[in-house]
Structure formats: C-alpha cells, structure tokens
Amino acid sequence: DKHGQEYFSGKSECQTCHGTKLFDGKKRPMAMNCLRCHSNNSEIDKWQSESHTSDYFVNISQNAQISADQNNRKNFQTNSYVGLHVSERSKGIIFTSQLGFTREWTNPTINNVNLYDTYFQFDGLLNNHLSVSLGRQSFASQIDYYLLDGLSLTASPSKRIDIYAFAGITRYISDSDLTGETGLATGLSWIFKEYNYLNARFDYTYQRSRFSDIANEPNKMYLGASASKGISIFKLYSLGEYNLTDQAIQTARIGSEIFPLPQKISFLIEGSYIDESNDTNLNNIFSIFSVDALWQAKAGFSVQTIKNLNFYNNISFQRYEILQDNFQNGYNLELGVQYSFPKIALDANASYYFVKSYGGTLHGMQAYFYEEWSPYFFTSLLIDYATYTKITNDDNIGIDVALKSGMTLAPGFVVSATAEYLSHDLMQHDVRGFLTFDFALHNKFLSIEDRQEQRKEELEKLKEKEKAKKD
C-alpha cells in the first residue's frame, strides 16, 4: 500500500530481497531472510499495525480451455474459482473461503467441486495471547502439509515465542478418495521468532491411519526442527526430520547463503540426506525406485555484472541406491541469464538445464519474455525445448511453446488469452487455447466500533438540527 511504499523507500535491505519494485510480487534471485533486514527497521511494527484495518477481499477466476491432439480428438474444459476473505479487526474475527469447480464438457463424468478452505478465525483472545481457527484449512509444518477439517490454536506467551497446535481429519480433494491414507493428523509446534538474526522451530506430528484400515497401516509419529542464523554476510540454515515410529532419520539438511556484495553477488552451498523409502505413507517416485537414502550436495550463485543483467547457476550431485549394493550417481545443472530493459518494460530470461540419472539423460533450453506494453496490457512468451534419452530406449524430443496476452479492463479485472503447443511422448502435437477472466475486489471498511461511533455522531448532529428547528 501507499504507506508501505513510503516506508520502504530508499531501504537497500528490502531491495536486496525484492529489487527496486518492492511490491510487484516477483521473487528476486538474491532473496535473503526478510526478518533479518526488517529487524533493522524500528518502525516495522507501527506500519504493520496501521495496515490491520477491517476489509473484505473477493477473487473470482474463470478459465476455459480447448485442446486438440494429432488425432483431432478435442477436449473442452472449464475451471472456476471463487475466493472470499472478510476480516473485522475490531472484534478479531476473520472468515475465509475458497471454492473450485472443474468440468470436462466432452466427458461429463469428470466433474469436480473442491472446497479448499472455509474457516473462521478468532484473534485477540486472552488479551491478544490466543488465536483460534475452526473449519477446513491448510496446516503446514517442517514435517508435512495437510488440508484438514479441524481446529488450530496459536498461543503467544511472549513476543518471542508462539505455540501452535492443530488437529483434524485429512482431506485429499484432488483424488477420488477424499480420506486418503491418513485418517487423523495432530501436531504441536514451538516457534521462536527472530532475535538477533536467529530463528528456530520445533514440530511434533502424529498421524493416525485411515479409520477403516487401522490394522494394516501403522500410525506414525514425527519430530522436526529447523533453524537459521544470520552472521555478517552469511545466512546459515538447517533442517531435520525424524521418524519416531520407524526410528529413522527422514531428512537432514544444512547450508548457507553468502552475500559478499549485496545486490551484486550471492552464493549457495547445501548438503542433504533424504530417506523416504522406509515410510509407507510416502509413495513417491523416490521411495518406489530406491532402497535406501539419497545424499545430495548442491551449490549455486547469482552475479549481477552490469545494471539489470544477472547470471545464475545451480548444480547438484546425488548418490542413491536403486537395488541392494547397486549405487548410482545423479546430476542436475541449470545455467541462466536474466536481463531487464526498463525503457521498454521488457524482462528476458534464457537458461540451459541438464539432468542425468539412472533413468536417463536430459538436455534442455528455455527462454521466457515478459513485455508490459502499457499499465493495462501485457504479453508473455515461453519457449522450452528438450531432448532426452531413457534407459527404456524410449528417446524423444519435448517442445512447449506458450504465448499469453492480457489486458486490464477495470481495476482488479483482467482478461487474458493463451495459445500453447505441446509435443512429447504422451502429447504429440497437442494444441491448446485458454481464455481466463480474473476479478479481484479489495475494499476496506470501518470496524464495528468505528461504525457505532460514527452512528453516535450522526445521531448527535440530528438532535442538534431538531433542537435548532424548535428554537
């Protein structure tokens, strides 16, 4: 908002995170710990509290997609989304709801109505030390991410510590099986807020298997911890997850971001240990095709050589066991360049990526352009070309080209059209078209107490007018 822009003007710390356009929503390659730089700004609490006014926010998105493949088989699909957020700050009451609806018109049996979030939140309880949320909502910890029908509590015994607890029935709205593999999930977290550039968090989670299949699926308990510390030009971070049920380390990670020249050069060094093969609740591609843990070393850098020109690189090495005593190596590489042309409002990005694993080898190149012709009209172009060889000898070429143009017809109302061409193993010469309508309405209103005070003033004025008439 305007107040925030005025506050952040000239603050180089925030420009390190977000660039010169602080509120455009784009993540910059030199992102660092926001709490680290914001802690240097003594007025941060002041402007945040001023922005906590009562408001409502409505977001409506309608997307229509039509596609045709090489056999001229056509598909027409519509996706609708409605979001509503209402907050009454004087009473500490918030209501949030998100609803999605998908329909494939060529196959009427494929229709989905998904209720993502619908919950009430009550803030400011017990003299601003407790917050309660009730309904369908998302819960995230170091261990997992859930969509639950349940309850969450956030207690703040001090300004440096939050205690967070949740419990509920898990929901899997993207699958035909709404209940999924987990019946009940509960968790407790201790969150230590930033102090002297130090953050820490500890999580405990208990997962009960689906209620109809308790005998075959064991219940699970996990512990998680994370911490980060800013020291001079270094940001050190670590993460760990431990499976109490199987008595095994699930994940361990340690690394550092290094900023020798802020806004010019940044480096990343990281080491990881991941072992999900022993967890029956995590049926992902790694747990299916490996028998032991994966070790990974990762490094990267971002360099701004001249104004508006950035080079970046990420490389990683993996070591894993696909069969007993059969170890394999994996490699990932990405090398790219970004350039911005401020005078013509054009952003350009080009990159090369390489992946090699036991399953095959991939070489790819990608280019992305974003042009803002005016404050009301934009165009973006994505071009992706990849060649890959597989252990199954099913080699091929992948091509993805997408052109999108959009226009702002009114404040908060954007209409965009996209044309896309896809070609690879599963979709040979697939052509798609998208038409999207996005509408967002955000408005602030007086709180209940302010409205009552306003009503009193109006009644006083009315009484004064009536008294004047009698006189």
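This is a short tutorial dialogue on reading rings and surface in a predicted model.

Q: How many helices and strands are there in the protein, and what share of the residues is buried?

A: In this predicted model there are seven helices and 22 strands, and buried residues make up 34% of the 471 residues. The protein exposes about 27,900 Å², of which carbon and sulfur atoms supply 60%. Among contacts with a separation of 6 or more, 41% are between residues 24 or more positions apart.

Q: Which residues make the nonpolar surface patch, and which strands supply them?

A: In general, a patch of this kind joins nonpolar side chains within 5 Å, taken from residues with over 30% relative accessible area. Here Ile 60, Val 82, Leu 99, Phe 101, Val 113, Leu 115, Phe 439 and Leu 441 make a nonpolar surface patch of about 600 Å². At least two residues of the patch come from each of β3 (93-104), β4 (111-124) and β22 (430-444).

Q: Why is Phe 101 classed as partly exposed?

A: The class "partly exposed" lies between buried, under 20% relative accessible area, and exposed, over 50%. Phe 101, which lies in strand β3, has a relative accessible area of 31% and is therefore partly exposed.

Q: How many aromatic pairs does the structure hold, and how is the geometry of a pair such as Tyr 164 and Phe 166 described?

A: The general idea is to take the angle between the ring planes, where under 30 degrees counts as stacked, over 60 as edge-to-face and the rest as tilted. The structure holds 10 aromatic pairs, and one of them, formed by Tyr 164 and Phe 166, is tilted, with 6.0 Å centre to centre and 40 degrees between the planes. Both Tyr 164 and Phe 166 are buried, and ring pairs link these two residues with Tyr 146 into a cluster.

Q: What is the geometry of the pair formed by Phe 192 and Phe 202, and which strands hold the two rings?

A: Phe 192 and Phe 202 form an edge-to-face pair, with 6.0 Å centre to centre and 90 degrees between the planes. Phe 192 lies in strand β8 (residues 182-195) and Phe 202 in strand β9 (residues 198-209), so the pair ties together parts that are 10 residues apart in sequence. Phe 192 is partly exposed at a relative accessible area of 32%, and Phe 202 is also partly exposed, at 41%.

Q: Where does Arg 103 lie with respect to Trp 105?

A: Such a case is judged by the distance of the charge from the ring centre and by its angle to the ring normal. Arg 103 lies over the face of Trp 105, at 4.2 Å from the ring centre.

How values were computed: Residues are numbered from 1 along each chain as its sequence is written. This is a predicted model: local features need pLDDT of at least 70, side-chain atom pairs count only at pLDDT 80 or more; totals for chains, interfaces and linings use all residues. Side-chain values use heavy atoms; hydrogens and water are left out. Patches are made of residues with over 30% relative accessible area and no salt bridge: like charges are joined within 9 Å, nonpolar side chains (Val, Leu, Ile, Met, Phe, Trp, Tyr) within 5 Å. Accessible areas come from the Shrake-Rupley method with a 1.4 Å probe; for residues, only the protein chains shown count as cover. A salt bridge is a side-chain nitrogen of Lys or Arg within 4 Å of a carboxyl oxygen of Asp or Glu. Helices (H or I, at least four residues) and strands (E, at least two) are DSSP runs, numbered from the N terminus. Buried means under 20% relative accessible area, exposed over 50%, partly exposed in between (1.4 Å probe, protein chains only). Rings of Phe, Tyr and Trp (its six-membered ring) pair if their centres lie within 6.5 Å; planes under 30 degrees apart count as stacked, over 60 as edge-to-face and the rest as tilted. A charge sits over a ring if NZ of Lys or CZ of Arg is within 6 Å of the ring centre and within 35 degrees of the ring normal. Contact means heavy atoms within 4.5 Å.
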